[in-house]
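Opening the notebook on this one. I want to work through the strands and a few single residues, and see what the coordinates give me.

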Amino acid sequence: MGSCHFIAITVLYFLLSRGTEASSPVNVSVIVDVVPVAGRPEVILVTCTASRTKPAAEVSWNLGALSDSVKVSTNTVKHLDGMFTATSSLIATPTVQMNQQLVQCVIRHSAMKEELEVDHKIIVHYPPQLVFVTPFKTLSNAEVYQCEADANPAATHFSWNSMQETIPNDAIKTEGNKLFFLKRTSELNGLYTCEASNEYGTGIGSLYWKKGERVFFFLSVHVLMKEDTAVCCDYSIYHVLSVF
């Protein structure tokens, strides 16, 4: 379910018109109605509003790295009492690369000496993109590996599997995103996979374990959920670390 992020900023600029003080300050709000999800259709990323000014304020954006990736839609409404509300929205098809990109809403008004800039970081949700298994340092005698994933929100469920072993057993145990080799015998040689999941999909990372040697496979296999329909599957092998 989408969540709503609301930031309301009341700016202490009182509009002056020919020596007469206006009755209200510039009220600026930056709103995200629904968190965008990568791979889904075009959506409003964020809306900036300057409410009830006279004359109307000008609302624009500094887009930074997103200047070629988003469309800008602006609108000005005149109220019955003669006041104006100006809005500007950023519209795009969400991508993973948009996540955490900084934009600025810029407010200009004839009665303001300086323009107002309001920072906003774009948030995009996405399923695990890159899942990797790496050694985890521990004081125990066990050999431990940790499964991590690039996902937003962070992966919350981890499942370990093996083609040759039933996990857990007396030689291997799991705790969340960690895999413990309690014994180091050649019978445990083989491929071990970690499935990392969040609410949008699942990614898989792999470890080929051989007594005295380790090879790590960085994989991404994920299923995007769109309403009740699964769109499957993206599959990539990113790279393999050397045996050591």
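Before I get to a hairpin, I need one term: two strands pair if DSSP finds at least two bridges between them. A note to self as well: this is a predicted model.

**Entry 1: the hairpin**

I looked up strand 12 (residues 172-175) and strand 13, and they pair in the antiparallel sense over four bridges. Glu175 stands opposite Lys178 in strand 13. The hairpin of these strands has two residues between the strands, and there Gly176 takes a positive phi near 60°.

Next I checked who else pairs with strand 13. Strand 10 (residues 143-152) runs antiparallel to strand 13, and four bridges join them. On that side, Gln146 has Lys178 as its bridge partner. So Lys178 shows up in my notes twice, opposite Glu175 and as the partner of Gln146.

Which way do the side chains of strand 13 (residues 178-181) point? Lys178 and Phe180 go one way, Leu179 and Phe181 go the other way, and all are buried. That fits the textbook rule, since side chains in a regular strand alternate between the two faces of the sheet. I noted that the buried set includes a lysine, Lys178.

**Entry 2: the open sheet**

In which order do the three strands of the open sheet come? I read 4-7-8, with antiparallel pairing. Strand 4 (58-62) and strand 8 (116-121) are at the edges with a single partner strand each, so each has one side without a neighbour in the sheet. Ignoring direction, neighbouring strands here are turned by 25° against each other on average.

I then took the pairing of strand 4 with strand 7 (residues 102-108), which is antiparallel and runs over five bridges. Within it, Trp61 has Cys105 in strand 7 as its bridge partner.

**Entry 3: Ser89**

Trp61 came up again when I went to Ser89, as one of the residues Ser89 touches. Ser89 sits in strand 6 (residues 84-92). Is Ser89 buried or exposed? Its relative accessibility is 10%, and the cut-off for buried is under 20%, so Ser89 counts as buried. The side chain of Ser89 makes a polar contact of 2.8 Å with that of Thr47. Leaving out residues up to four places away in sequence, Ser89 touches Ile44, Val46, Thr47, Trp61, Lys71, Val72 and Ser73.

**Entry 4: Pro127**

I found Pro127 in strand 9 (residues 126-136). Pro127 has a relative accessible area of 1%, so I put it down as buried. Its C-alpha is 5.4 Å from that of Ala151, although the two are 24 residues apart in sequence.

**Entry 5: the whole chain**

Stepping back, I get zero helices and 17 strands for the protein chain. Of its 244 residues, 41% count as buried. Taking contacts between residues at least 6 apart in sequence, 56% join residues at least 24 apart. The accessible surface comes to about 13700 Å², and 53% of that belongs to carbon and sulfur atoms.

**Entry 6: confidence**

How far does the predictor back this model? The chain averages a pLDDT of 81, and 77% of the residues score at least 70. Over residues 6-24 the pLDDT is below 50, and this stretch has 40 contacts in the model beyond near neighbours in sequence. Residues 223-244 also stay under 50, with 52 contacts beyond four places in sequence.

How values were computed
Residues are numbered from 1 along each chain as its sequence is written. This is a predicted model: local features need pLDDT of at least 70, side-chain atom pairs count only at pLDDT 80 or more; totals for chains, interfaces and linings use all residues. Side-chain values use heavy atoms; hydrogens and water are left out. Buried means under 20% relative accessible area, exposed over 50%, partly exposed in between (1.4 Å probe, protein chains only). Contact means heavy atoms within 4.5 Å. Accessible areas come from the Shrake-Rupley method with a 1.4 Å probe; for residues, only the protein chains shown count as cover. A polar contact is a pair of N or O atoms within 3.5 Å; within protein, one must be able to donate a hydrogen and the other to accept it, and residues adjacent in sequence count only if both atoms are side-chain atoms. Axes are lines fitted to C-alpha atoms, for helices over the stretch in contact, and angles run from 0 to 180 degrees between N-to-C directions. pLDDT is the predictor's confidence in each residue, from 0 to 100.
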